[in-house]
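Open the model in your viewer and keep the selection panel at hand. The stops below say what to select next.

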Amino acid sequence: MATVPTPPETPIRIGTRRSNLAVVQAEGIRDRLQKIEPHRSFEIVTLRTLGDRDKTTALYEMGVKNLWTFELEEKLVSGELDLVVHCLKDMPTALPETCELASIPPRDDPRDALIVKAGLPYASLSTLPDGAVIGTSSVRRSAQLRRLYPHLNFANLRGNVETRLAKVDDPNSEYTCMIMSTAGLQRVGLGHRINQYLQSSNGGMYHAVGQGALGLEMRKGDAQMHALLNQLADRRSTLACLAERSLLRTLEGGCSVPIGVETEWVETDTLHMRSIVVSLDGAQSAEAQVEAKLENAEEAEVLGQELAAKLVEAGAQTILDAIIVNRPAKE
Ligand SMILES: NCc1[nH]cc(CCC(=O)O)c1CC(=O)O
């Protein structure tokens, strides 16, 4: 009987967005997977998502939450991709039934950063002059800054990291500076452009849920992929990010919420979480914090829900309701 040659194993296809940042992130994951599976081959497949195509609509007006993920998830489900590398903060808190967040690798710096136009002398938010224009399309960022720096102005700034920086540096642009994520800048080699690292204790800025972390997504129930991706997971990053996502999931109810958060491991297994919800004009805000020992994902979920309940108690629901009512209708 003739022996049937075993077919060569097909490459593992890693999907991601087409931006330089997305490709750098996917290459990092590929390199780590290659070390675990030296005999498999890996292929990176890039896609343009809705969020990449529509660069003008303010993000919070787009009305869909999966604008960075939908096209990639479709190809994951159809089998054209085997895993997708996302920025965790771009992943909706509810995933399609057919997909699963398999793993969260070690988180990078979650803080936001201030980047000043090349040639201008300002080194921090507090030294920016009256009327300085901050480029950001994030209501989380503008609302928090309006709250503490009412003399600053805001202008939309969309596009990938390099495009945004070029727009700010353009001497003819209106921007004095911009706010971006530290992790995003550092990953594409632009960390040296950061003028100030922002956090609740410095600039009064809480970061986005999941910021600085990656989310590795796979088809639901793909046991082999799960076993592989699990080897890249980081326990503390995972529990902190799951708690943050639980907070957002509990509060959001259909809108993109101007909510900021910080999580910090204070003892070996105790997570401290604090969060703020701010009205779009910065005039109202609600803050709360919680702390608990966390052993597993379920406990992380519960802690996020507890923080959401405390925020509501502190007035967050009124702020969120007003935002939903005032939101401009989608065209
Ligand atoms: N919303 C865009 C986005 N999504 C993920 C990142 C960078 C990576 C990260 O912060 O996790 C960025 C850029 C930014 O917010 O400045």
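**Stop 1: a helix pair**

Select helix 8 and helix 9, which pass each other in a right-handed crossing (the near helix is turned clockwise from the far one by less than a right angle). Helices are DSSP runs of H or I with at least four residues, strands are runs of E with at least two, and both are numbered from the N terminus. Helix 8 covers residues 235-252 and helix 9 residues 297-313; their axes come within 7 Å and cross at roughly 45°. Axes are lines fitted to C-alpha atoms over the stretch in contact, with angles from 0 to 180 degrees between N-to-C directions. The two helices are therefore oblique to each other (not under 35, over 145 or 65 to 115 degrees).

This is a predicted model: local features need pLDDT of at least 70 and side-chain atom pairs 80 or more, while totals for chains, interfaces and linings use all residues. Residues are numbered from 1 along each chain as its sequence is written.

**Stop 2: the parallel strands**

Select strand 1, residues 12-17, and strand 2, residues 42-47, which pair in the parallel sense over six bridges (pairing takes at least two DSSP bridges). Arg17 has Leu47 in strand 2 as its bridge partner.

Now add strand 3, residues 83-87, which pairs with strand 1 in the parallel sense over two bridges. Here Gly15 is bridged to Val84.

**Stop 3: the connection**

Finally, show helix 1, residues 20-36: together with strand 1 and strand 2 it makes a right-handed β-α-β unit (with the strands pointing away from the viewer, the path from the first strand over the helix to the second runs clockwise).
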